[in-house]
Amino acid sequence: MKDKLFLLLRFSVTLFRSRHLIYTMARRDIQSRYRGSYLSFLWAFVQPTITILLLWFVFEVGFRTPAVGDYPFILWLLTGIIPWFCFSEGLGNATTSILEYSYLVKKVVFKVSVIPIIKILSALFIHLFFIVVIVLAFLSYGHPPRWCNFQVFYYLFAMIVLLVGLSWITSSLVVFARDVGQVVTVFLQFGFWFTPILWNINMVPQKYQTLMKLNPVYYITEGYRNSFISGIGFWEYPRWTLEFWALTGAIFLIGAFLFLKLRPHFADVL
């Protein structure tokens, strides 16, 4: 057990020392993804924006979905769907990152463990822009910033830890079983509809709500809504917060140990 903890500590120190490399490669990842297109990296913002506008038109204009308290439906929608976009893009791209950067895996001196994090960070660059969009949207509806808005960075940190742990699991497994990439895609499709993003969790019976709250992504999306709408601090529901970090911490540790275990075999398979 001590040997495993020592490896994990050394692993964390390596990641911290590679922070400049991770940032540089994440920036290049965004640039290379849209190289050759007229709008370049702007395409990274176009698709989420169109999806939000379509959902707004369907639910608010078409179905005339009522406001949530004092807030129009579009604001309630934004605070749930934007963190989901970041999570799904980060996990989806990080899952296949080892395959995409296979030429780097075969280089002995390269720190392979940073590759999934590169994809997560590139998704975060785009996500920070949409956090500004949320603030501007609330301003346009007459809701100025409040102190509770700043706790969105706590939930952003929580999402990063969760994504890193999950991506280490999926990116290492996909090297040996390519079907894992398809499984993650299906998981994300189901996750979008089963996580209360477009609908309120109070619509389901209380006995199922407890089970659904075990979903760590729901903790994050609801946290964004608490930050911008209800003003509830994460410390006001300590049990739920502890459950989230217990599960996320377990995922992070499992991901780190699994990645360390399988990493020596990546070059042989690729």
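Let's start with helix 8: at 1.5 Å a residue, its 22 residues should span 32 Å, and its end C-alpha atoms are 31 Å apart, which agrees. The expected span here is 1.5 Å times one less than the number of residues. When I say helix, I mean a DSSP run of H or I with at least four residues, numbered from the N terminus. Of the 22 residues in helix 8, 18 are buried, so the helix is largely enclosed by the rest of the structure. Buried means under 20% relative accessible area, exposed means over 50%, and partly exposed is in between, using a 1.4 Å probe and protein chains only.

Before going on, please remember that this is a predicted model, where local features need pLDDT of at least 70, side-chain atom pairs count only at pLDDT 80 or more, and totals for chains, interfaces and linings use all residues. Residues are numbered from 1 along each chain as its sequence is written, and side-chain values use heavy atoms, with hydrogens and water left out.

Now to helix 11. Its 15 residues should span 21 Å at 1.5 Å a residue, and the end C-alpha atoms are 19 Å apart, which agrees. Helix 11 is mostly covered too, with 13 of 15 residues buried. What caps its N-terminal end? That is Asn215, with a side-chain oxygen 3.0 Å from the backbone nitrogen of Val217. After helix 11 comes Gly231, which has a positive phi, near 75°.

Next, the aromatic rings. Rings of Phe, Tyr and Trp (the six-membered ring for Trp) pair if their centres lie within 6.5 Å; planes under 30 degrees apart count as stacked, over 60 as edge-to-face, and the rest as tilted. That rule gives 27 aromatic pairs. One of them is Trp147 with Trp235, stacked at 6.1 Å centre to centre and 25° between the planes. These two sit 88 residues apart: Trp147 in the loop between helix 7 and helix 8, Trp235 in the loop between helix 11 and helix 12. Trp147 is exposed at 57% relative accessible area, and Trp235 is partly exposed at 48%.

Another stacked pair is Tyr219 with Phe244, at 4.3 Å centre to centre and 15° between the planes. Here Tyr219 in helix 11 meets Phe244 in helix 12, 25 residues apart. Are these two buried or exposed? Tyr219 counts as buried at 1% relative accessibility, and Phe244 counts as buried at 4%.

Ring pairs also build a cluster, whose members include Trp147, Trp235, Tyr219, Phe244 and Trp240. Over the ring of Trp240 sits the charged end of Lys213, 5.6 Å from the centre. Similarly, Arg225 lies over the face of Trp76, at 3.5 Å from the ring centre. The rule for a charge over a ring is NZ of Lys or CZ of Arg within 6 Å of the ring centre and within 35 degrees of the ring normal.

Finally, the nonpolar core. By that I mean a set of buried Ala, Val, Leu, Ile, Met, Phe, Trp, Tyr and Cys residues joined through side-chain atoms within 4.5 Å. The largest one has 78 residues, and Ile81 and Phe87 touch the most other members. Helix 4 gives the most to this core, with 14 residues. Leaving aside neighbours within four places in sequence, Ile81 is in contact (heavy atoms within 4.5 Å) with Ile52, Leu55, Phe192 and Ile197.

Notes: A polar contact is a pair of N or O atoms within 3.5 Å; within protein, one must be able to donate a hydrogen and the other to accept it, and residues adjacent in sequence count only if both atoms are side-chain atoms.
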